[in-house]
Amino acid sequence: MPHELETFADGTTAFASARLSAWHQLGTVTQDTMKAEEIMAAARLGDWGVRTIRAVGVDLVDGVEVQIPADDKRMTVRRNPVTGDTEYLGIVGTDYTVVQNEQCAEMLDRLVDQVGGAHFETAGSLRRGKSVFVTMKLPTAMEIAGVDRLDLYLIGTTSHDGTAALRVDASPIRVLCANTQRAAFAHSVGHYTFRHTSNVNSQISQAREALGLMWTYMETFEKAAERMLQTELTMREFEQVVGQVWQVKDNASDQTRNNAKQRLGTLKYLIREADTQKAIAGSRWAGYQAITEYLDHYQPAKNEFARANRVLTGNVGELKVAAFDLLTV
């Protein structure tokens, strides 16, 4: 897979979780909640010493290797947490400022330092250390019309190869089936992005302001969910939504059409018969939950490891946003 949780030479996986969740049964699973330094150690994310070094190309001239420096570029490297070897991560610009994994966790800590009861829940490394993520569970939960509970999370992500900035997202996770919710709204912000420059630490105060916007995002999500829960969804309407989320072209192969038919069958089971939908059956909210549950737990994958990776890094988030947009009222 092009995107995957990192596995080290000793067979361990760069992932830790304080409970079974949407990224279940991967890496180290603990029974207790964890602090920043504990989850960094459990996920093998600590003490990488990410840094930039000279970027040099090698040319072969008359059989002799000649180094050609890239003066406007730098190379990011790390210390492998198992072997201690220096490893390549990516090529960045000369103004790029490294953000250590510990700083990603510290950022979440500082964002919620006035919110009692928040704790770290998952952390991991993707693409052989090029990307990392840390999640923190907030003590507050949503109750959608009193019948459906969603836990609230902050998710910190960053890259060490220059492909993504340090970013924090707000995300609800449905308790009943641990499926990660994704929704986009035109007039509220569910994330805040830092630039990899020397003033990253100074932007913590700005991020606190952004956290207020995230609470607005959560409130908007909750109100939208309640409207969806109070609005009926017919099976015909649900099938039309599925057809728009997973569009099948007129010239699609027989295999593609067969896959679409099987997917629709599973989705119809989820919305009609699954225990996870009983309290919300017949509503547009149930339609959305059936799609998110399918994406997180039923979509075909060669194994659970591959499925969890896809939830973290694939197009699952975009499909959930598309479903939400189609079903919201």
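Ile68 is partly exposed, with a relative accessible area of 44%. The residue lies in strand E4 and belongs to a nonpolar surface patch. The model is predicted. Two topics follow: the patch around Ile68, and the pairing of strand E6.

**Nonpolar patch**

- Four residues make up the patch: Val61, Val64, Val66 and Ile68.
- Together they offer about 290 Å² of accessible area on the surface.
- Strand E4 spans residues 64-79 and is the main contributor, giving 3 residues to the patch.
- Ile68 can count towards a patch because its relative accessible area is 44%, and the cut-off for patch residues is over 30%.
- The value of 44% also explains the label "partly exposed" for Ile68, because that class lies between the limits of 20% and 50%.

**Strand E6: burial**

- Strand E6 covers residues 119-126.
- This strand is mostly covered, with 8 of its 8 residues buried.

**Strand E6: partners**

- Strand E1 (residues 15-17) runs antiparallel to E6, and 3 bridges join the two.
- Within this pairing, Phe15 sits opposite Gly124 of E6.
- Strand E7 (residues 131-144) also pairs with E6 in the antiparallel sense, over 7 bridges.
- Here Thr122 has Thr135 in E7 as its bridge partner.

**The E6-E7 turn**

- E6 and E7 form a hairpin, with 4 residues between the strands.
- Arg127 lies in the turn and has a positive phi of about 55°.

Methods. Residues are numbered from 1 along each chain as its sequence is written. This is a predicted model: local features need pLDDT of at least 70, side-chain atom pairs count only at pLDDT 80 or more; totals for chains, interfaces and linings use all residues. Side-chain values use heavy atoms; hydrogens and water are left out. Patches are made of residues with over 30% relative accessible area and no salt bridge: like charges are joined within 9 Å, nonpolar side chains (Val, Leu, Ile, Met, Phe, Trp, Tyr) within 5 Å. Accessible areas come from the Shrake-Rupley method with a 1.4 Å probe; for residues, only the protein chains shown count as cover. A salt bridge is a side-chain nitrogen of Lys or Arg within 4 Å of a carboxyl oxygen of Asp or Glu. Buried means under 20% relative accessible area, exposed over 50%, partly exposed in between (1.4 Å probe, protein chains only). Two strands pair if DSSP finds at least two bridges between them.
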